[in-house]
Amino acid sequence: NHDEAWGRVDEFLGATLIPEDPALAEVHRSNARAGLPPIDVAPNQGKLLNLLAQLAGARRVLEVGTLGGYSTIWLARALPPDGRLITLEIDPRHAEVARANVDHADVGERVEIRVGAALQSLAALADENAEAFDLVFIDADKQNNAAYVRAALGMSHPGTVIVVDNVVRGGAILDAQPDPTAAGSREVLELLGAEPSLDATALQTVGAKGWDGLAIARVRG
Ligand code: SAM
């Protein structure tokens, strides 16, 4: 069965490329203790985010959807000491677990967690004239994906990288009547393709998290 082989290959990739990491292993344990759903990115995806942030030379990162801070820690580790990551989370319990996890991983000083509906937090950041972000990772309620990309574009510069997770959803984006989540994932792909200021692609992924995909865009110079 494919799914099982995908999981085994993911385990091999993790064991071969991504050394055992006590701080990240503790995130999984502390999330499970607190009853958070195990819907964080896989280790090889976390490492991809980390590499993208390094390749972009990111100093400022914006994340939409914190959960327990697993992807947050991967991204924050790519930042220089004076770097900043702002992550948006609607569930105060998730934010509390994430706070403890990022502090325990020694990246707490770089990470600000804002609790509230991300659309509101994004509007507040725009009102504050927040300095542009170098990388934006979108991984929250998929219905709002397109709105998150539009908000991110308002806080970007030429070269800003925008990553959107879960854009394939086991192929459900092509369903005749997609559920609202799959519809949001499809809509964001259409936006990334149509928006003149963005240069984008998407890849299907298989692995421990099943069949899904990831979109990557760059704000044109
Ligand atoms: N990026 C995380 C990781 O890989 O470790 C996983 C994020 S999880 C898939 C999605 C998170 O988005 C959940 O914690 C959920 O509470 C949060 N969320 C859902 N709707 C939201 C909204 N409207 N505003 C902000 N966060 C939201």
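Student: What makes the pair formed by a ligand nitrogen atom and Ile 90 a polar contact?

Tutor: In this predicted model, a polar backbone atom of Ile 90 lies 3.1 Å from a nitrogen atom of the ligand. The cut-off for N or O pairs is 3.5 Å. The pair is within 3.5 Å, so it counts.

Student: How do you know that Gly 65 and Val 41 make polar contacts too?

Tutor: Use the 3.5 Å cut-off again. A polar backbone atom of Gly 65 is 3.0 Å from a ligand nitrogen atom. For Val 41, a backbone N or O atom is 2.9 Å from a ligand oxygen atom. Both pairs are within 3.5 Å, so both qualify.

Student: How much of the ligand does the protein cover?

Tutor: On its own, the ligand has 610 Å² of accessible area, and the protein covers 89% of that.

Student: Where does the ligand sit, and what makes that wording apply?

Tutor: The ligand sits in the largest pocket. The wording requires more than half of its atoms to lie within 2 Å of the pocket's grid points.

Student: Which elements give two or more residues to the shell around the ligand?

Tutor: Those are α4 (70–76) and β2 (84–89).

Student: Which residues come nearest to the ligand?

Tutor: Of the 21 around it, Val 41, Ser 71, Glu 89, His 94 and Ala 118 do. By class, the shell has eleven nonpolar, five polar and five charged residues.

Student: What secondary structure does the chain have?

Tutor: Eight helices and seven strands.

Student: Why is the chain called as compact as a globular protein of its length?

Tutor: Its radius of gyration is 17 Å, and the globule rule gives 17 Å for 221 residues. The two values are close, so the description fits.

Key. Residues numbered from 1 in each chain as written. Predicted model: local features only at pLDDT ≥ 70, side-chain atom pairs only at ≥ 80, totals over all residues. Heavy atoms only, no water. Near = heavy atom within 4 Å. Polar contact = N/O pair within 3.5 Å; in protein donor to acceptor, adjacent residues only side chain to side chain. Areas by Shrake-Rupley, 256 points an atom, 1.4 Å probe, with all protein chains shown as cover. 1 Å grid on protein atoms, 1.4 Å probe; cavity = no way out; pocket = protein on both sides within 12 Å on 5 of 7 lines; lining within 4 Å. Helix = DSSP H or I, 4+ residues; strand = E, 2+ residues; numbered from the N terminus. Nonpolar A, V, L, I, M, F, W, Y, C, P; charged D, E, K, R; others polar. Rg over C-alpha atoms; globule rule 2.2 N^0.38 Å.
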